[in-house]
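Hi,

Here is the structure I promised to pass on. Have a look first, and my notes are underneath.

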Amino acid sequence: MSRRLLLVISAALACFGAACGGGSTPPPPPPTGGFTLASLKGNYAFSMTGQDLNLNFKQRIGSFIADGKGNITQAIEDVDTGGTFNNGAVFSGTYTIQSNGKGQIVLNSAVGGGLIFSFVMSAAAPAGQGFLIETDPNAFETASGSFTQQDITSFAQPFQSASYVFDFSGLSSGTAGALPLSIVGEFTTNTGGNITGGLMDINDGNQPAPSGPVAIGLGQYQLDATNSATFGRGTATFAGLSFVFYTVDNTHAKFLEVDGAGLTLGDALLQSAVIPQNTAQWNGGNFAYLVAGAGLSGPLANASAFQTGNGNLSNIVSTDDNAGTITQTSSGLTGTYAIDSANAGTGRGTLTINVNGQANPFTAVFYLISQTQGVMQDTSNGVIADGSLAAQAALNGTNFAFNLSGQNLSAGFEEDYVAQYSTSNTGQFNGVADFTQLGSSGSQFIFPNIPVNVTASFPASGKSAFQAVTGNTPSTTLKFDAYPTTQGVLLISTQNTRVTVGIVSAQP
Amino acid sequence: MKLGVCSVTLMCAALLANCLCVRSAEAQQANSAAAAYDVRREAILQGTVVRFTSHSDAAPFGAHVVLQTAAGEVDVELGSAHLLASKNFSLNPGDAVKITGETVALGNGTQFVARVVQKGDQTIAVRSVRGFPIRPLTKPAGGAL
């Protein structure tokens, strides 16, 4: 699984689940897989997005060190709670992990307080990564995100002399309140701590329209003198924006905006040295994208699969979840795309999908990381959303990890899942999930080790169906359209009670 | 920024809603852009509150108020109930209110959505001019873990 896969969930506003609780819950199937405590060993960077019971938008980014024996020897995080920052909080703790890769991290702060995360690993150390959700019963908040093993040899020099593509999303702080915000683009760094320039597109709910391409001038990045050597922590400024970042390796860093004007979080990934300069240079093929964000009625998500060639899109299939209004389209769609030759070399392009009889098309801007993947910002009329674009490929395997995050529309709050299932399990249930949801009654529900039954297939192109049925009482059925890509399978809810997106990844 | 607010009469708003309804029934909505907000289509509703719901159990799921207007009852979606609460803004039966918003296509039907709500001398923007629901930006005293 590529690290790019992990970007999608953090871009989503969203969540999960229906009413749960009460009744008996059967045991999940015996864990299947080869994970052990040693599968989580070394330094890991993590990032998460969520909300609390006061609907404060909450984002956290940090690093933890696992000893491979059940101990988190050190951890640090930076947290943005609705524009109030708590930077550099330090923890230590413990973790458990089952053979299926699902586990729990418990962090305790020396000054009081702590955090609990449920996680599922999609790959083990020394290239470990996975998904995590916050399941702390005392926090009254929920969040979802990812973690990726850090290369500590990159901590002293986090960026190459190269370009990085980024996707930052969250909220824009305004006088009336908060509105959705998406920033995608690319910047170029050198090894002397400078950001030498770049290009970005901003879609800010506090502005009258998407920005179009905006030049990034000179900026800087610096190592954190106290925490860079241990955790890979640093700071960066460009285009009037300020960030804390955590180095994954010198091809990837996680960013949290800390200037207060925008409350964004995201990743920056090394851009291929060979990037299409014009439309003809982008290889044709089957691609899919998933974006999530907000529109007129609240949260929304949109996904499509298509074939590219000579600037035209063909064989387009699409799924749209507009605050619970689901539209699944397999015909009547036409589209075009173009690489931005006026900004040649940046990887910037535009894409339009038209619908017969519909006045407003789907429009988007994207920045290619390589010939087969990129980030995307939805610039459609009345929409602010972003996510990932990737070449399609079948996902094969026996054991799978997945993460779901979104908004339970009927509850009005976020829900998050991490889960694992195995096609070798043949009983009533083939997997297990931890999930959490906030409740409109001012309560938080945490459901650990709930059996689930997943039915899914992941073809090489187009979309398919993904369904997960929980085994608690009352049971919840979760239905998605699945768009397989080289970066994992992108999931978008097809039920009118939620706006939920997710990712499925094969485990080794 | 071009605001271009169109203050039309309630009668016009009702006619506009009917037109939108016909259009939405004819058009296929394959993406969320179909339901975009446009301040040039805005109308003003005036009436008294029949009932207020902080969270609808059907889409759109935000806060709703049912207004008794001269043309009958109108259901208005207000966006985030938490924003209203954060501004200490309440709506109770019998309150006289003035709402600026517009009827938009939603699913297979239409919905009047509010951008600005006024009660007495209290005026609250619940949506941006692009139609995005505004959410509260509560800043707690001191950062939390």
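Below is what I found, starting with chain A as a whole and ending with the side that touches chain B.

One thing to keep in mind: this is a predicted model.

Chain A is mostly a story of strands, with 34 of them next to two helices. Its radius of gyration is 21 Å, close to the 23 Å that the globule rule gives for 508 residues, so chain A is as compact as a globular protein of that length. If you want a feel for its extent, the C-alpha trace spans about 60 × 55 × 45 Å along the principal axes.

Now for the inside. Of the 508 residues in chain A, 63% count as buried. Looking at contacts in chain A with a separation of 6 or more, 58% come from residues 24 or more positions apart. The largest nonpolar core holds 164 residues, and Leu290(A) and Leu491(A) have the most contacts inside it. Strand 18 of chain A (residues 285–295) gives the most to this core, contributing seven residues.

And where do the chains meet? On the chain A side, 58 residues are in contact with 43 residues of chain B. Several strands of chain A each supply at least two residues to that side, including strand 3 (71–81), strand 10 (178–189), strand 19 (298–309) and also strand 18. Strand 4 gives the most, with four residues. By type, the chain A residues on this side split into 36 polar, 21 nonpolar and one charged.

Cheers

How values were computed. Residues numbered from 1 in each chain as written. Chains lettered and ligands numbered in written order. Predicted model: local features only at pLDDT ≥ 70, side-chain atom pairs only at ≥ 80, totals over all residues. Rg over C-alpha atoms; globule rule 2.2 N^0.38 Å. Buried ≥ 20, exposed ≤ 12 C-beta atoms within 10 Å, placed from the backbone. Contact = placed C-beta atoms within 7 Å. Core = buried A, V, L, I, M, F, W, Y, C linked by C-beta atoms within 7 Å. Nonpolar A, V, L, I, M, F, W, Y, C, P; charged D, E, K, R; others polar.
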